[in-house]
Amino acid sequence: VVAAGALAVGSMDASASNASQQVCSYFATCAGGLERFVLEEARRRWPVLPETCESVLGKTYFQTSKPIAAASCPPGRPLFATAERLFVQLLRASPLELPTSSSAVELDTAVAAAVRAVPAAGWRRGAELQARLTVVDGQQTSCTQSSDDGHAPFRFRIHVKAGGRGFRGIGAQELAAAFGHAITDHVGGWELDKSGEDAVQVYVQCNEMHLLLGLAGGGASLSVRQDVPHPGLRSTVAWATARIALGEPSRTTDGQRQWHRPLLVCDPLCGRGSLVIEVLRDWPAAQVLAGDSALGSTDNSSGTLRCELRGNLQGLGVGVIAQNAHSLPYRSGSVDVILTDPPFGKQHSNARSVHVLYPQMLAEMRRVIAEDGVLCLLCPNQHWDFFQRLVLPSVVGTAHKHKAPRGRDLAVLESHGSD
């Protein structure tokens with residue numbers, strides 16, 4: 001069991017108690033396949049205790065020696081580039097002991113025992129840590145948890161995720177009500193607010209593996225970039241794609257790969273510019289070339305895309321041009337990195353046209369990319385066999401697959417000389 005703000009017990013001395021009070025426990029949710037990027041970010045940006053890092057599908061767990069503060073992030077940048085939500089972890093324990101019957105009293109008793117596994121001081125400290133994760137109008141939010149001195153009570157709401165055989169006969173609303181009443185009884189000054197948008201979310205996950213309690217960091221999902229009015233490719237996936245191709249942001253030119261000239265990055269199918277935006281923000285040394293065939297088209301959908309792309313890239317100092325991916329206007333061997341999210345034949349064109357486009361597109365990319373360059377594409381699983389059998393052997397030397405969310409694969413295609 002890991003509880004935030006646990007009190008000293010048994011023979012623990014005062015120094016050990018103070019040390020345990022300083023440790024802050026968190027967990028983050030993410031799309032399956034991005035767990036390693038979340039932990040990498042945590043280690044790079046926050047004082048993470050390495051031995052506490054752990055990941056399972058869609059979640060990462062870690063502890064820090066100091067609280068994470070959203071106010072320390074650069075303006076407009078999220079706490080994590082690849083996580084969906086960040087939570088203060090209150091409890092991670094063995095599965096909830098469910099009643100053998102359908103008795104509501106037995107359920108309330110089991111839930112109350114789980115809630116009381118975290119002392120009231122632990123809940124209050126968790127709320128203080130949660131307040132640090134939220135910034136409103138550039139200011140860190142405050143945390144008021146007592147109504148005895150005239151302040152408004154600390155308002156919270158419950159979000160329950162339950163699964164497994166043991167929970168088939170118990171509804172999420174029933175569990176949420178039980179947890180809400182148990183927390184209100186256990187922590188003075190806390191008030192359940194089911195409909196309040198500003199109420200802090202208490203996250204409850206019950207399944208056959210564990211019971212997980214946490215407080216959600218405020219605001220929208222971390223994947224929502226507030227200054228991108230027309231999102232395209234999910235920003236978390238876009239950032240991970242750039243990370244695979246370019247290395248860690250702090251080591252763009254002298255880290256994992258040695259570049260012989262200033263880094264030139266190209267996205268020839270930029271769409272709404274999601275990949276371009278992430279590269280410009282966290283790899284500012286890169287020179288970016290962006291383009292899309294839709295920029296030269298006159299149909300209505302292309303006109304909408306042009307407006308959305310220009311709105312997204314406004315103020316970022318990059319221009320875009322109309323170009324065809326099978327006839328790029330660049331010199332042979334002039335581009336260090338190509339990363340793009342090509343059409344899958346769903347929103348644009350169709351599956352048949354994709355099978356025509358991909359061989360032409362990859363052959364042209366192979367022409368313009370440098371001998372020590374990197375080609376990084378997002379590829380849907382249904383087209384991976386096509387890539388591997390008909391396209392890849394003739395244009396690149398090696399193909400590496402990295403599991404990515406939503407049924408896609410991140411295919412890192414690295415050329416090796418004339419192979």
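**Exercise 1. Work out what share of the contacts between residues at least 6 apart in sequence join residues at least 24 apart, then add the overall make-up of the protein chain.**

Solution. Let's start with the contacts: of those between residues at least 6 apart in sequence, 73% join residues at least 24 apart in the protein chain. Keep in mind that this is a predicted model. Next, take the secondary structure: the protein chain holds 18 strands and ten helices. Then turn to burial, where 51% of the 419 residues are buried. Finally, the accessible surface is about 19,500 Å², and carbon and sulfur atoms account for 49% of that.

**Exercise 2. Decide how helix 2 is oriented relative to helix 6, and which residues meet.**

Solution. Two packed helices are described by the angle between their axes and the distance between the axes. Here, helix 2 (residues 35-45) packs against helix 6 (residues 235-246) at about 75°, and their axes lie 11 Å apart. Angles of 65 to 115 degrees count as roughly perpendicular, so helix 2 is roughly perpendicular to helix 6. Now for the residues: helix 2 brings Arg 36, Phe 37, Glu 40, Glu 41 and Arg 44, which meet Trp 239, Ala 240, Arg 243 and Ile 244 of helix 6. Sorting the residues of this contact gives five charged, four nonpolar and no polar.

**Exercise 3. Find out how many residues of helix 7 are buried, and what follows for the helix.**

Solution. A residue is buried when its relative accessible area is under 20%. Go along helix 7: Ser 274, Leu 275, Val 276, Ile 277, Glu 278, Val 279, Leu 280, Arg 281 and Asp 282 are buried. That is nine of the nine residues in the helix (residues 274-282), so helix 7 is largely enclosed by the rest of the structure.

Key:
Residues numbered from 1 in each chain as written. Predicted model: local features only at pLDDT ≥ 70, side-chain atom pairs only at ≥ 80, totals over all residues. Heavy atoms only, no water. Buried < 20%, exposed > 50% of the residue type's maximum accessible area, 1.4 Å probe, protein only. Helix = DSSP H or I, 4+ residues; strand = E, 2+ residues; numbered from the N terminus. Axes fitted to C-alpha atoms, helices over the stretch in contact; angles between N-to-C directions. Parallel < 35°, antiparallel > 145°, perpendicular 65-115°, else oblique. Contact = heavy atoms within 4.5 Å. Nonpolar A, V, L, I, M, F, W, Y, C, P; charged D, E, K, R; others polar. Areas by Shrake-Rupley, 256 points an atom, 1.4 Å probe, with all protein chains shown as cover.
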